[in-house]
Amino acid sequence: MVQSAASPGSPVTIRVSAGGGGGFRGMGLTSPVPRLSLSNNPRSPAAGRSRRASSGGGGRYSAASKVAEAEEEVSTDFVHYTVHIPPTPDHPLSSASVPERSYVSGTIFTGGFNSVTRGHVMDCSTDDPEAAAAGGAAAKSTAMVCAMNGCDGEVFSLRNSKLPCECGFMTCKECYQECAGAGGHCPGCKEPYRDESSDEDDGDPHRVLDEEEEDEQVLPLASMAECRLNRRLSLMRSTKIPNHNSDFDHTRWLYETKGTYGYGNAVWPKTGYAGGDLHGFEDPPNFGEISRRPLTRKVGVSAAIISPYRLLMVIRLVALGFFLAWRIRHPNPEAMWLWGTSVICELWFAFSWLLDQLPKICPVNRVTDLAVLRERFESPSIRNPKGRSDLPGIDVFVSTADPEKEPPLVTANTILSILAVEYPVEKLACYLSDDGGSLLTFEAMAETASFARIWVPFCRKHSIEPRNPEAYFSQKRDFLKKKVRIDFVRERRRVKREYDEFKVRVNSLPESIRRRSDAYNAREELRARKRQQEEEVNSGEPIKVPRACWMPDGEHWPGTWPSGEADHSKGDHAGIIQTTVVDTAGVDTRLPMLVYVSREKRPGYDHNKKAGAMNALVRASAIMSNGPFVLNLDCDHYVYSSSALREAMCFMLDRGGDRISYVQFPQRFDGVDPNDRYANHNAVFFDVSMRALDGLQGPMYVGTGCVFRRIALYGFSPPRATEHVGWFGRKKIKLLLGHKLPSMGKKKNQDDVLEEEDEVGDVENQLLLPKRFGSSPALVASIPAAEFQGRLLQGTQGIQQGRPAGALAVPREPLDAATVAEAIAAISCFFEEKTEWGQRVGWIYGSVTEDVVTGYRMHNRGWRSVYCVTKRDAFRGTAPINLTDRLHQVLRWATGSVEIFFSRNNAIFAGRRMKFLQRVAYFNVGMYPFTSIFLLAYCVVPAVSLFTGKFIVQSLSATFLSFLLAITVTLCLLALLEIRWSGITLHDWWRNEQFWLIGGTSAHPAAVLQGLLKVIAGVDISFTLTSKPAAGDDDDADAAFAELYAVKWSFLMVPPITIMMLNVIAIAVGLARAMYSRFPQWSKLLGGVFFSFWVLCHLYPFAKGLMGRRGRVPTIVFVWSGLLSTIISLLWVYIDPPAGARDDSTMAFRFP
């Protein structure tokens, strides 16, 4: 261990148990100094422990050193360590020693219900003090080596014993001279090196500065003490004056900088602006130009397209009205039951079409300006002289649950794409939620963090797109296009070799874990037998040794075991947090923070599937990083465009962005067959319906690829909202709300929770927040900080309470052990008891489609959302190309819609802050599965018509055919115009129509049945996780789309197969009837055959999926199918012969 001298800072004692065997090293957190309690909950594992002392702007960085003698009496099974606080501008240390080891990075923290929070140090040994000291010395010597790749020279320091750059990036003298000569930028933080001579004179405030030094001088900034922010919010402070007063002395600032008011001072530079008038004076710069330029623009659809589109909607609506009226007034007396069934179905189809079409009347497109975002938030300014990034922080959530169905390599590629995005690394944190608590996922994440140190710099140096290594190396295009650096080919070859080795290591992890666990379990069994022999116990019973899962350092894995032992099963295991923190003192700082989280699960608690896992990440991230914005991704959805996060920030930080709750990106998919047989791209929904909703109150949340405002996830109302009253919401009432809290009344049932808007209390009311968010002071204190960081800049038009520029220019403070211990308590299974998590706060519980409900609640509170369609796809994922998997996916979505329809989340009960057409769109979400009932009946009607010789109308009159033609033509013209303004293809539209009927006759009826069983009988619904295809070689087309041809039987296939058989046989029967009839009714035959052919055309992809691989179906199958249909049709004609075809003497058929 690395020893450290005593410090006047407050220490935190860490106890690391050294017990061997199969035990688990525990690190209990205690403190000899009384501090504020972390938790008010007596059952919380953090209750009674210490909380970090609050200090404005001061950092808390945990390090450990071995204590020689302890004052208190402890057992011999523990060794004491002390975590010291590093020097800060507010609390400088008297000792010159600096802690060198952090027990946050590389430490697994576990805890939960009725258990002590423990920390397992992965790479430390406490058995041999001498070895520990030697290891510390080796670590120290290793840390003092040049951090440049391929260089191991001695670290170079300036004459004042400081490193060349403030970021602490270590370089040797040769590398420093090379970097300084190549532009003077630090390879770590990418900022210019500061002049050494300027540092030597920092202490003299009366030193006369020249013009160049005036521009580079860091000036004291105005204090933000009046904001009463949380201590975890980093504010921009002066680095020149250690004991700087909180109030900004403008007079002193002018004196020290020799500044003046008006033209020529530090605010109004003399150079940098060309131009001038006839008298030779330069034009004053327009400082408001950048602030007035918008970050986003709304581009409407061309009037030449949208006007005919709306006109055709009206024409088709009128035609449907006249057609239905004519159908009702002209029944078919010969087949009233057939006529009645068809009329009822047609009425419902017209109503369903109206619900789907009304929200499409005002589609919009949006574009962003990333250059303005860079100028406004990453350029030097008065409050940000060095031009450090002033963008807010973003926490990225990646969720996974089963490493068998969601391969770790797919998750690893997603994490690598996140770590390499074009966003400030100090503002980005990635959280991986492993709801299965699998050691395989944990070790795959560790391998990913190791490979990221090679992959991320390579991506940023050469502007690699996409930044998913599997997707990048699998591209078929020329990878040398637009590459100008001569070292690119060499480095790409090296990174490709490293990635291949990385894939082999990840793919071999299951076997490696199994062998390791078998070896350790065999050792434990031998020890148990030896112990039994030493104790001379001959009980005759076999020795029972738990089949544990072991980590590489010989300790039990605290998560789930394959054997499913007590406290180590999928529904019963402790909470786990492991953080990969970059040491800002001696390591490259270009990697964001990566956190592994596995929430605690115990029997008897409802863990609420994915929604519960997301809420656990919200709480843990609020305590650890507290980014004001949150991006959630599925494990198979990776970042395809490295600027996607910046695109989202353009909407959030632009004028009116404080009313935006989330920015939804479209879902795009890789690995879909070229013909898109089962409409996996879902282009009509993502490019037509979602664009249309963007013109109303915003698109729906679809579960992934969405950037949230954290304060909106907490259930607060927007600062401004509009109430829509009167018929169709034509009267608008504007409200100025601010962020408020709900009234704390009696407890309500989950389905009875309405969006009560009579709210009282302010965001900073700390007395009411714990009742809503739980008994975690750190979590409650993070809420106002997140709200402040998410504000728009001061000076934005229409904003009264904005944040000052430069307030977020300093990175967040490092983590310490006490913070992680509090996060462990926040992900425990009992934390949500008697709180509003899942009811109003976070992801909403009670539905399989928690995403739609969560977005609905935000829109119902008055928030808006934005649909961001980027030029380059922002995210890409995988879709189930197998027919059975696709049907089960649609079944899950439809069942969630049925649950929404029978709950208080039905749009009928929406508040007045939701627009009328937005309410129609949400109502259609809960209504569309019920269309399947009428669709099933309508698909059977043509077959019944052919079997009986009757039709839905008495005769095919000219009026009926005219109405039918008008409805069909207007539908086709509407589709063509939708293709024009949305950018989809005709093939996408037709595939969507086909799968609408496939899903409507298979998954949707089952969803209605399951939803009714849950509502009426209380039968719970469980779904299996959709399998994600593993990353592999796609050179072989047959291997790439092998799942497409696999036939997996499911009960969902029964209705479509039945409908196909009925219609095929009915066509054969109708033709045979016409052939053997003396007076064939060709009009009725043509009508029935036309509608049956319409049904079969829509079901063609389904039939093709049943046939398997192309060319694998024997010809005899088609021959026998034709013969079978012919025989059945002849039998039907024999049983019910047509009029005039019966011979009374022979009762036989007469062939022509």
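**View 1. Strands 9 and 10 run side by side.** Strand 9 (residues 394-400) and strand 10 (residues 428-434) are parallel and joined by seven bridges. T400 has D434 of strand 10 as its bridge partner. Strands are DSSP runs of E with at least two residues, helices are runs of H or I with at least four, and both are numbered from the N terminus. Two strands count as paired if DSSP finds at least two bridges between them. This is a predicted model, where local features need pLDDT of at least 70, side-chain atom pairs count only at pLDDT 80 or more, and totals for chains, interfaces and linings use all residues. Residues are numbered from 1 along each chain as its sequence is written, and side-chain values use heavy atoms, without hydrogens and water.

**View 2. The open sheet has 10 strands.** Their order is 6-5-13-14-10-9-15-19-17-22, with mixed pairing. Strand 6 (115-121) and strand 22 (864-867) are the edges, each pairing on one side only. Neighbouring strands are turned by 20° against each other on average, direction ignored. Axes are lines fitted to C-alpha atoms, for helices over the stretch in contact; angles run from 0 to 180 degrees between N-to-C directions.

**View 3. Helix 15 crosses the sheet.** Helix 15 (residues 609-624) lies across strands 9, 10, 13 (575-580), 14 (593-598) and 15 (629-634). Helix 15 runs at about 145° to strand 9. Helix 17 (residues 683-694) also packs on the sheet, touching strand 17 (660-664) and strand 22. Its direction makes about 140° with that of strand 22. Contact means heavy atoms within 4.5 Å.
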